[in-house]
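Got the viewer open and a selection box ready? Here is a walk through the model, one selection at a time.

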Amino acid sequence: MNFIKLTFGRFSAYLLILIIAAGTGCSTSLHAQEHADDPSFFDPVGLMLTWQQDPTTTMTIDWYVVDEDRDVLEFREMGEDDWSSPVTAEPIPFPWSERTIKRVELTGLNPGTYYEFRFGPSSKIYNFRTMPADLRNPVRIAVGGDMMHRQDWMEKTNRQAMKHDPDFILIGGDLAYADGLHPDDQRHRNPQRPRHHNQWYGFLEAYKNTLISEDYRVVPILASIGNHEVRGGYYWRDERRPDDPPYDGTDEWRKLVAPYYFSLFASPGLPGYGVIDFADYMSVLLIDTDHANPIDGEQTEWLDRVLSERQGVQHVFPVYHVPAYPSVRSYNDDTMVRVRENWVPLFEKYGLELVFEKHDHAYKRTHPILNGEINPNGIVYVGDGAWGTETREIGSRQDYDAWYIAEAAAERHFILLTLHGTQRHMKMITSKGKVIDEYPRLLVPAQ
Ligand SMILES: [Fe+2]
């Protein structure tokens, strides 16, 4: 039944493209132009979809407005005539910006189903699809991190990812490189690339330009936190930044040092780490490598409990920023050592097979690792975050250790992860569309 719904939904979407193309030949921008003289027409300046609860039956929709009081959304299953009653959004401040975030969470949806939504009768109509109830048909996830040194680089990789119709984008931190800073803050490390809310405008513009398909399907994202979401980068760094308050373990402190992340991302929300369960077939753990929360202590205790409770789940993926097994930086960097000391034993204890880590601005895949050695029954660590950043040469930082590296390349890329039943397959694709690695090889037909 879900297969039928999914197939019908996709068919409907393609049919919609054909109708639009045949009728108007329009693209998103042309569609907007058609309404340029219509004062009642509304299209938000940005959109972001994510999940706070089960992605098979819910969707969280954020949209951004300037001087607008339109705060209702209507939705319907694609193919139906009638719209839902208007759903009123929760307003959320966009830090130091003239924009306001409007947030709605839709629940009780059908799995594997396309839904249309709009912001009143005179708005553009967008759509999304919920995740399927099971993995009888393949699910595709575009995985990456370190998104946007330059907006055009992010958009270029986005376009490659969108060629594969991903169900969602999974990001391991370092999003807009705003560093949690106020526009007037003088602590920008690179005056040529100011780090503040304009960075987020660029991120959201890239999203709108390239993560919304030609048939107006908005692709959801899930994103864990990275050092560039946080003033100072790491909770322990406040000694080096005497004008920042010291870490005190409160949510108030977290919102102070990472204001954009906690406003713009409904998930994982405070305290900055969490888990999203996809029915009973997948759990994605968005966790925090010392940015707004220490690796050790409460977060590690939480991780132990969450992994313990999900031992029957087929696919469990931690996604975090600073790698346990770096491809560029030193193996002995403090944060990396603490990921290996605190989290890797839990990953091994609960039999995980695949872990995503970022931050080093290169592509890497490790050998399977168990107990600090290469072992065919071990965990493969895939990273290292270069979706839209300058890349770094492999092993170019001091004390880098290569014993664990199976494949690596200084390339901007994303990882196309396909799940089908119990099987999984990854294709690593550069921003130019070149496949530079595949793992496991030909276990599942990729498309
Ligand atoms: Fe980073």
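Start with helix H4, residues 197–210, and pick out its buried residues: His 197, Gln 199, Trp 200, Phe 203, Leu 204, Ala 206 and Tyr 207. Look down the helix axis and you'll see that they cover an arc of only 165 degrees, which puts them on the same side of H4. Now turn the helix sideways. Its 14 residues reach 20 Å from the first C-alpha to the last, close to the 20 Å expected at 1.5 Å a residue.

What covers those buried residues? Add strand S1 (46–50), strand S2 (59–66), helix H3 (151–162) and helix H6 (259–264), which are among the elements that do the covering.

Before moving on, colour by pLDDT, since this is a predicted model. The average over the protein chain is 89, and 87% of the residues score at least 70. Residues 1–30 are another matter: the pLDDT there is below 50, and the stretch has 30 contacts in the model beyond near neighbours in sequence. Where pLDDT is low, the predicted coordinates should not be read in detail. You may want to hide residues 1–30 for the rest of the tour, given their pLDDT below 50.

Zoom out for the whole chain. There are 9 helices and 23 strands, and 45% of the 447 residues count as buried. If you plot a contact map, keep the pairs with a separation of 6 or more: residues 24 or more positions apart account for 70% of those contacts.

Next, the nonpolar interior. Select Ile 169, Leu 170, Leu 222 and Val 284, the residues with the most contacts inside the largest nonpolar core, which has 112 residues. Where does this core lie relative to domain 1 (2–129) and domain 2 (139–439)? Both domains give residues to the core, so it lies between them. Centre on Val 284 and show what it touches: leaving out residues up to four places away in sequence, you get Leu 170, Leu 222, Val 275, Ile 276, Phe 317 and Val 319.

Now go to Asp 174, in the loop between strand S10 (168–172) and H4. Is Asp 174 buried or exposed? Asp 174 is buried, because 28 other C-beta atoms lie within 10 Å and 20 are enough to count. Show its contacts, again skipping residues up to four places away in sequence: Gly 145, Asp 146, Met 147, Gly 226, Asn 227, His 228, His 321, Lys 358, His 359 and Gly 385. While you're here, draw a distance from the C-alpha of Asp 174 to that of Ala 386; the two are 212 residues apart along the chain but separated by 9.9 Å.

One of those contacts of Asp 174 is Asp 146, so click on that next. Asp 146 is found in the loop between strand S9 (139–144) and H3, and it is buried too, with 30 other C-beta atoms within 10 Å. Check its backbone torsions: phi is positive, about 55 degrees, although Asp 146 is not a glycine. Most residues other than glycine have a negative phi, and most peptide bonds are trans.

For a second positive phi, jump to Ala 279, where the value is about 45 degrees. Ala 279 sits in the loop between S12 and strand S13 (282–286). Unlike the buried Asp 146, Ala 279 counts as partly exposed, with 16 C-beta neighbours inside 10 Å.

Step back along the chain to the loop between H6 and strand S12 (274–278), where you'll find Pro 268. The peptide bond from Ser 267 to Pro 268 is cis, with omega near 5 degrees. Pro 271 lies in the loop between H6 and S12 as well, and the bond from Leu 270 to Pro 271 is cis, with omega near 10 degrees.

Two stops left. Select helix H8 (residues 334–342) and mark its buried residues, Thr 335, Met 336 and Val 339. Seen down the axis they fall within an arc of 100 degrees, so they line one face of the helix. Helix H9 (344–349) is part of what covers them.

Finish at Val 87, in strand S4 (residues 87–88). Val 87 counts as partly exposed, with 15 C-beta neighbours inside 10 Å. Beyond residues up to four places away in sequence, Val 87 touches Val 72, Leu 73 and Val 104. A last distance to draw is from the C-alpha of Val 87 to that of Phe 119: 9.5 Å, for residues 32 apart along the chain.

Terms used. Residues are numbered from 1 along each chain as its sequence is written. This is a predicted model: local features need pLDDT of at least 70, side-chain atom pairs count only at pLDDT 80 or more; totals for chains, interfaces and linings use all residues. Helices (H or I, at least four residues) and strands (E, at least two) are DSSP runs, numbered from the N terminus. A residue is buried if 20 or more other C-beta atoms lie within 10 Å of its own, exposed if 12 or fewer, and partly exposed in between; C-beta atoms are placed from the backbone. Two residues are in contact if their C-beta atoms, placed from the backbone, lie within 7 Å. The expected span of a helix is 1.5 Å times one less than its number of residues. The arc is that of the directions from the helix axis to the C-beta atoms. A nonpolar core is a set of buried Ala, Val, Leu, Ile, Met, Phe, Trp, Tyr and Cys residues joined through C-beta atoms within 7 Å. Domain bounds come from an automatic or database domain assignment. pLDDT is the predictor's confidence in each residue, from 0 to 100.
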